[in-house]
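Let's take a friendly walk through a protein model, one piece at a time. Keep the picture open while you read.

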Amino acid sequence: MFRRIKVTGGTATGQVGIKKKSRVPGVMITQFIEELPEGKSHPDFTRKPIALTIQEGKFAFFKAIVTGDPQPTVTWRRNNGDVSDVSRYQTKYDPNSNEHTFEMPNVMPDQADTYKCFAMNEYGQAVVTVVLNVIAVGFKKNKAPQEAAEAPDGNFKTIRPKSEQPEKKDGEIDPKFWELLISADKKDYESICAQFGVTDFRVMLKKLNLMKKERQEEQAEFVSNLSNLRHIKVNGDGTASFELEMDLIEQSSSIFLYKDGVMVPYTKELGDKMKHTLNKVGKKYIFSLRDLMPDDAGLYQLDVGNVNMFSTEFKIPMVEFLVKIQEVKAIEREDAVFECVLSNPFSKILWFGKNLPLEQDDKYDIQVSEDKLIHRLVVKDCLIVDKGIYSACAGIKSCNAWLVVEADKNAQKGKKTARKTTRAGGSGMDLQKVAEEQQVKLVKEREERIEQIKAAPAAPPPESPPAPAPAKAEPKAPIDAEPRIVSEPAAAADPPVVEVGRTEPGISCGLSDIYVLHGNPAELMVKMNMDCDSTWFTDGEQLNSGAGVTITKDGSSHKLTIQSCKDDDSGVYRFASGDQSTQGKVTIGGVPEFDPDDLHKFSKPVIIRVGQNAAFKMPFPPQESLVVSWFKDDTELKDGGGVKIVREPNHSRLLLRDCLRTDAGEIKIQLKNPVGAVEATSKLIVLDRPGPPEGPVETVKTTSTLIEIKWNPPKDDDGGSAVTNYIIERQQAGQALWTKLGDVSADQTTSIRDRNVTHGKKYNYRIYAENPEGLSDTLETADSIMAGIMILSGPPGAPTVVSASKTCINLTWTPPEDDRGVPIIGYQLEKRKKDTNQWIALNALNEPIEDVNYAVKEVTDGAEYEFRVSAINESGAGDPSPPSVMVCAKNPNMRPCFKDPVDFIVVRAGNSARVKICYEAEPPPQITWLKDDEPISPWINIITTEGMSQLVIPSSKCSDSAIYTIKAKNSVGEASFDIVVRVTDEPRTPGPVELEQTVYGKVAVSWAPSPDQQLDDRLYYVVSQCNSNTRVWKNVADRLFANTYTVNNLLPGVEYHFRIYAKNDMGLSDPSQSPTWGANSNRVPIPSNGGKSSSGVSFERPPSILVPLKVHTPPKGYKLYMTCAVRGCPTPTVSWYLNDVCINFDNNYYITNSFGVCSMYILRVRSKDSGVCKVVAVNSFGQAECSTKLIVRD
């Protein structure tokens, strides 16, 4: 939202201006009207001018780029002065780069000011300010700017250079006092007041508070925060610096440094050798001074823009080092001492170690003698890391020396050396004696000054010397008279009249230097104060009348006339009368000339392309007092910027770098001497792309099959060469693709007809102008042009609500009964919230809904809406339909149902068990959890949120294994679901293993069950085998639900070992080892009568099911593994049936029979795999079967 105010300038009476914010900081925009027309805009700056600090005499300029439609008019002004003088201020515009330039060649100090750039069109204006600072050459010696003298008290500009400070009146406080107080700490107030003799602290504090408040208000315009002010001090590297932290509101703000009111140039480059340097680190600004000298003392002030931010005084005491610190060599753990003696008492000097300031602490002891002449630094308990350069600074004087720390050779290795009580270093001199002698010298000098002060009033005042008698004036010829040009008979200029005594002859008007053109007469005249005789001389020879020279006398006037001047007449002419004389130089010359061939060659135009350099050269005969000037379009060119002028004795060259179209024009060279001037003219042609065609694009004709448009040629900018043709491109409204429509010759027409149009569709056009250098920028149509007239469709039927929920409302509608002969390409749907009047479009016109139904997802739960729909054809959106009935965005009542629940969960004992069930129901149901149809225990947590309920067992136990049931009930109905939760752990080891050979090459392995077999119905066994040949363990049986297994194909003479593992959902148990089975152990005799042993025992038996099939309920798409165990002798034949259909030969089922373990594997179960699975085992003695249910969940 913009704040509206009345604009006093730039708008008509009663017009309202709207202040708007620009993307570019510092730009103020005023919009003249409430709403801008489509495609129009107020002015704005995309590049604003940058503040400039420049030395006097340099080329100063500001550049800006503005936007706006229509094209804004750009003007420049200054706060305190006029910019209409074209010799000092030049405004330029480059249409190629859209840059507006404001130039000030040979800038002077009086041009330093705040400048404003205005960009204005009929819809608004944009204003930006920029500051120009000019550093005057010899500023200290010249008079300070008048603004400084007229500034109010307390402003930084009142601090004038010392040479210009007026004498203070009694009772007047130095402005420097207030500047120091504003930036000083409170603890320094007393010393500053004592320095300036201020005793009325109450009045001082009251005025200081007011001045601080005013200063803070001024500072707030440029900085948002100002802190950590550190006054100037001398550093260990011989430099002085002061620093502060500030947040600039505009980073482009100019920062100035003043010393005693004089602007000081500085550099931002650390490697630069300038005396003053600015270093910026984050928000911290550090100003440094190098090569310190006594005249560096003074008041330093830092300004941003024209507001003072910080003032600090640099005091340099006059002190010297009588004895400097000396190099110290110390042994590790010994104390080191540096000593020095000063020429004047100093309460505290600065000590530095490796360029870091040192203070009194446990490591360093700083001592000062009573007379404050002897200063010591003691480095305690020296270590190797203390080695380095140490320095002492007093004022701007400093001295430094090395501290060398050597390792203790007598120290025992591995043990810490004890601290020594000895000290190393010192000056090696009797410092006390040197200090006493210097103290005596200081006392003597002080007493002598006191005696001089006492003796001064007693001395008699010096007698005033008598006034000197009037001296006799001696006539003297004028010196350094100004030469002048003579084209008519020359006459001497009137010099100042010298009064002489009445009785002595004197010259009242003498000779001066003159210049005369060949063939013209020259006249020399001298006036005396009385009638007397005279003589004329030329180059030491006396002249008389005759041979073209006439000497005449008329009373006190004496005249020498040369009838027709020739080169021989040049020389020094002297007039003498008695002991009075005067002389002047006569120079005979001609107007400068060009060689005709050179002039013809120079007059040929120079043709270049944009961005290239243009060079002009003109030879001429060498002459004295010859001034060469270059002009472009009658404006003199100065060396600087993109202009380079070279002046040689016999020729001059002009180089224009990186030329633009605006540089094209007439180039002229002028040779001028005191006699006359001559000019030669050439022309610079800069070739470039032409400017865009002149708009606007006019629509000449539009029908259902044709659109004709017209435009104008480029205005005043054809790029330096004629436009050859125009290229036209077309774009259908709502699309991004531009296609070439054609081109037309610039000599024939500036219009085109587009016959490939569709009735009712809108089109945009853009036109390029083309010349040999390339294509111009485009001229585009302001609005889309429709082929034919607009025909809109009738209203569709009112939308009907198909369904509604809290997140989506499904609608449908019928097409319009009357499409008015134009095909419908889609629909636009709108919504209106209850108790509001605003219709909100749910889709854009260029994104129509192609079907007659739509799912509205931009709804709020519980809110009521109505909808309407409009049909869209090539002309746009037609009339809207009647609104739909009001519908509420909420879910319909529905019976609870569960979404993708998991019916089986296995949890390791001790871990937390989480059962998460998602549901849908409206209204929200009541959730109940049961364990084996009983209420759950209190320590089981139930977390229920909207659409989800979660059962959490913090630390599960085996007893938590059960069937958990969730029940959801609301007013519509109820639903429940069972989840099997199995809490288990890794099974315990099976019991002892027994081996028994019943048939040759086969061994029956049996074992005692694991203790967990009765507790875990999903527990099974794994048999591993290792023989003495391979020494590798491998599984020979898996998923055994029985406690026996027959191993086949055992070889004689090989030892076998077996391991039995119990396995469940958590993993394997530790193995149970079997006895060793070898070739010569546990053998049984091989029966010779088939199925009967020698003792008459028969092993034949009918089939039996050892391990039956179990119920399986896998999800659809998952794999399934189903097993059972069968026994019989002879070995029975096993068949698998699904729903009484044999599947032994079906490729969708993988069926195996390994020594009585029958398995069926399905890679991905399908819905049709559901049913009754049956296994039938048959041999000659009978058959056995078992069956189970296979349920495939969706």
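## Helix α2 and helix α4

This is a predicted model. A good place to start is where helix α2 meets helix α4 (residues 201-219): their axes come within 10 Å and cross at roughly 70°. That makes α2 roughly perpendicular to α4, since angles from 65 to 115 degrees count that way.

Who actually touches whom here? On the α2 side you'll find Phe 177, Trp 178, Glu 179, Leu 181 and Ile 182, and they meet Met 204, Lys 207, Leu 208, Met 211, Lys 212 and Arg 215 of α4. Sorted by class, this contact has 7 nonpolar and 4 charged residues, with no polar ones.

## Helix α2 and helix α3

Now look at α2 (residues 175-183) beside helix α3 (residues 189-196): the axes are 10 Å apart and the packing angle is about 175°. Anything over 145 degrees counts as roughly antiparallel, so that label fits α2 and α3.

From α2, the contact uses Lys 176, Phe 177, Leu 180 and Leu 181, while α3 brings Tyr 189, Ile 192, Cys 193 and Phe 196. The class tally for α2 with α3 is 7 nonpolar, no polar and 1 charged.

## How hidden is α2?

Is α2 largely enclosed or left open by the rest of the structure? Count its residues: 8 of the 9 are buried, so α2 is largely enclosed. The buried ones are Lys 176, Phe 177, Trp 178, Glu 179, Leu 180, Leu 181, Ile 182 and Ser 183. They pack against α3 and α4, and also against β12, β18 and β19.

## Two nonpolar cores

The largest nonpolar core has 29 residues, and the members touching the most others are Met 246, Ile 255, Tyr 285, Phe 287 and Phe 314. Several strands each supply at least two residues of this core: β12 (223-234), β13 (240-248), β14 (255-259), β17 (284-289), β18 (298-304) and β19 (307-314). Which strand gives the most? That's β13, with 5 residues.

Try zooming in on Phe 314. Setting aside neighbours within four places in sequence, Phe 314 is in contact with Ile 232, Val 234, Ala 240, Leu 292, Asp 296, Ala 297, Gly 298, Tyr 300 and Ile 396. There is also a second, separate core of 25 residues, which includes Val 328, Trp 351, Cys 382 and Cys 399.

## Strand β59 and its partners

Further along the chain, strand β59 (residues 826-833) has 7 of its 8 residues buried, so β59 is largely enclosed by the rest of the structure. Strand β59 runs antiparallel to strand β62 (residues 864-873), and 8 bridges join the two. One pair to look for is Leu 829 with its bridge partner Val 869 in β62.

Strand β59 is also joined to strand β60 (residues 840-841), by 2 bridges and again antiparallel. Here Lys 831 has Ile 840 of β60 as its bridge partner. β59 and β60 form a hairpin with 6 residues between them, and Asp 835 in the turn has a positive phi of about 70°.

## An open sheet

Finally, find the open sheet of 4 strands, ordered β85-β84-β88-β89 with antiparallel pairing. β85 (1141-1142) and β89 (1182-1190) are the edge strands: each has a single partner, so one side of each lacks a neighbour in the sheet.

Inside this sheet, 6 bridges link β84 (residues 1133-1138) with β88 (residues 1171-1179) in antiparallel fashion. Ser 1135 stands opposite Val 1176 in β88. As a general tip, side chains in a regular strand alternate between the two faces of the sheet.

Technical notes: Residues numbered from 1 in each chain as written. Predicted model: local features only at pLDDT ≥ 70, side-chain atom pairs only at ≥ 80, totals over all residues. Heavy atoms only, no water. Axes fitted to C-alpha atoms, helices over the stretch in contact; angles between N-to-C directions. Parallel < 35°, antiparallel > 145°, perpendicular 65-115°, else oblique. Contact = heavy atoms within 4.5 Å. Nonpolar A, V, L, I, M, F, W, Y, C, P; charged D, E, K, R; others polar. Pairing = 2+ DSSP bridges. Core = buried A, V, L, I, M, F, W, Y, C linked by side-chain atoms within 4.5 Å. Buried < 20%, exposed > 50% of the residue type's maximum accessible area, 1.4 Å probe, protein only.
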